[in-house]
Amino acid sequence: MSKLKLGPLPDDKPVKVTVDLPASVHRDLVAYAEVLGRETGQPVADPVRLIVPMLERFMATDRGFAKVRRVAQSHRNAR
């Protein structure tokens with residue numbers, strides 16, 4: 001079993017998102033959804049639903065973004 005960064009998707013109301021993806025990114029998104037479905041036992045009906053958790057995970061683990069965010073927060077609190 002591989003170690004994916006995403007786990008099962010929460011059961012929540014979907015939000016419509018319109019975005020143009022390069023064909024290669026879409027193929028990878030579909031492939032990721034297939035692997036995630038096999039590993040979690042919960043098929044991902046719409047691979048587009050992976051975009052939000054992927055972005056959340058990316059931003060949560062980006063050290064540079066976290067640092068900038070902390071600095072901005074401390075500046076806001078200092079006012």
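What covers the buried residues of H1? The cover includes H2. The model is predicted. The points below take helix H1, the segment before H1, the nonpolar patch and helix H3 in turn.

**Helix H1**
- Helix H1 runs over residues 23-40, which makes 18 residues.
- At 1.5 Å a residue, H1 should span 26 Å, and its end C-alpha atoms are 26 Å apart, so the expected span and the model agree.
- Leu 29, Ala 33, Leu 36 and Gly 37 are the buried residues of H1.
- These buried residues lie on the same side of H1, because the arc they cover around the axis is only 100 degrees.
- In general, an α-helix has 3.6 residues a turn, so residues three or four places apart point the same way.
- The other side of H1 carries the exposed residues Arg 27, Asp 28 and Arg 38.
- After H1 comes Gly 41, with a positive phi near 75 degrees.

**Segment before H1**
- Leu 9 belongs to the segment that precedes H1.
- Not counting residues up to four places away in sequence, Leu 9 is in contact with Gln 42, Val 44, Arg 49, Leu 50 and Pro 53.
- Between Leu 9 and Pro 43 the C-alpha distance is 9.9 Å, at a sequence separation of 34 residues.

**Helix H2 and the nonpolar patch**
- A nonpolar patch on the surface is formed by Leu 55, Phe 58, Met 59 and Phe 65.
- Together, the patch residues have about 390 Å² of accessible area.
- Helix H2, residues 51-61, gives the largest share of the patch, with three residues.
- Leu 55 is placed in helix H2.
- The relative accessible area of Leu 55 is 45%, so this residue counts as partly exposed, a class that lies between the limits of 20% and 50%.
- H2 is also part of what covers the buried residues of H1.

**Helix H3**
- Val 68 is located in helix H3, residues 63-78.
- With a relative accessible area of 57%, Val 68 is exposed, the cut-off for that class being over 50%.
- Val 68 and Leu 29 are 39 residues apart along the chain, and their C-alpha atoms are separated by 29 Å.
- Leu 29, in contrast to the exposed Val 68, is one of the buried residues of H1.

Conventions: Residues numbered from 1 in each chain as written. Predicted model: local features only at pLDDT ≥ 70, side-chain atom pairs only at ≥ 80, totals over all residues. Heavy atoms only, no water. Patch = residues over 30% accessible without salt bridge, like charges linked within 9 Å, V, L, I, M, F, W, Y side chains within 5 Å. Areas by Shrake-Rupley, 256 points an atom, 1.4 Å probe, with all protein chains shown as cover. Salt bridge = Lys/Arg side-chain N within 4 Å of Asp/Glu carboxyl O. Helix = DSSP H or I, 4+ residues; strand = E, 2+ residues; numbered from the N terminus. Buried < 20%, exposed > 50% of the residue type's maximum accessible area, 1.4 Å probe, protein only. Expected span 1.5 Å × (residues − 1). Arc of directions from axis to C-beta. Contact = heavy atoms within 4.5 Å.
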